[in-house]
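Good morning, and thank you for coming. I would like to take you through one structure, beginning with its charged side chains and then turning to its interior and its surface.

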Amino acid sequence: GKLPIASVDEGGDVRKLAEVEEELIRFALKFYRGQMSQVARKLGIGRSTLYRKLKDYGIDPDNPLREAA
C-alpha cells in the first residue's frame, strides 16, 4: 500500500522540507521504477533539477533504485 510521508518528526516538530523532499524523491524513484523523466514530471520539476537534487541527497542517478531501496 501507499505509505504516507510523515510530516512530524519523533520530537513532535514539523520536519525539515529537505527531509520530506528527499523521502518523496526516493519514494517516487521506486514508484516509477527509476524512470527519471516520469519522476521529474510527476514531481513537477525539470530533469536537471531532479538530477541536482539526487546529487544533493547522494543518490546515484545511474542506479537510483539501489540507493532508494
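Let me begin with Arg-15, which counts as buried because its relative accessibility is 15%, under the 20% limit. Please keep in mind throughout that this is a predicted model.

Which residues pair with Arg-15? Its side chain meets that of Glu-19 in a salt bridge, with N and O 3.5 Å apart. Arg-15 also forms a salt bridge with Glu-23, where the closest N and O atoms are 2.8 Å apart. Both acidic partners are partly exposed: Glu-19 has a relative accessible area of 37%, and Glu-23 has one of 30%.

A further salt bridge links Arg-26 with Glu-22, the closest N and O atoms being 3.0 Å apart. These two residues lie four apart in helix α1, so about one helical turn separates them. Through shared partners, salt bridges join Arg-15, Glu-19 and Glu-23 into one network. In the whole structure, the search finds four salt bridges.

I now turn to the interior. The largest nonpolar core has 11 residues, among them Ile-25, Leu-29, Met-36, Val-39, Leu-50, Leu-54 and Tyr-57. Helices α1, α2 (36-43) and α3 (47-56) each give two or more residues to this core.

Tyr-57 is one of the core residues. Apart from its neighbours within four places in sequence, Tyr-57 is in contact with Ala-18, Glu-21, Glu-22, Ile-25 and Arg-26. Two of these contacts, Glu-22 and Arg-26, are the salt-bridge pair that I described a moment ago.

How are the buried residues of α3 arranged? They are Leu-50, Lys-53 and Leu-54. Because they cover an arc of only 105° around the axis, they lie on the same side of α3. These buried residues pack against α1 and α2. On the other side of α3, Ser-48, Lys-55 and Asp-56 are exposed. Following α3 comes Gly-58, whose phi is positive, near 70°.

Finally, the surface. Leu-24, Phe-27 and Phe-31 form a nonpolar patch there, and together they have about 240 Å² of accessible area. Phe-31 belongs to helix α1, which covers residues 17-31. With a relative accessibility of 38%, Phe-31 counts as partly exposed.

To summarise, Arg-15 is the buried residue that takes part in a salt-bridge network with Glu-19 and Glu-23. The largest nonpolar core draws two or more residues from each of α1, α2 and α3, while Leu-24, Phe-27 and Phe-31 make up a nonpolar patch on the surface. Thank you for your attention.

Conventions. Residues numbered from 1 in each chain as written. Predicted model: local features only at pLDDT ≥ 70, side-chain atom pairs only at ≥ 80, totals over all residues. Heavy atoms only, no water. Patch = residues over 30% accessible without salt bridge, like charges linked within 9 Å, V, L, I, M, F, W, Y side chains within 5 Å. Areas by Shrake-Rupley, 256 points an atom, 1.4 Å probe, with all protein chains shown as cover. Buried < 20%, exposed > 50% of the residue type's maximum accessible area, 1.4 Å probe, protein only. Core = buried A, V, L, I, M, F, W, Y, C linked by side-chain atoms within 4.5 Å. Contact = heavy atoms within 4.5 Å. Arc of directions from axis to C-beta.
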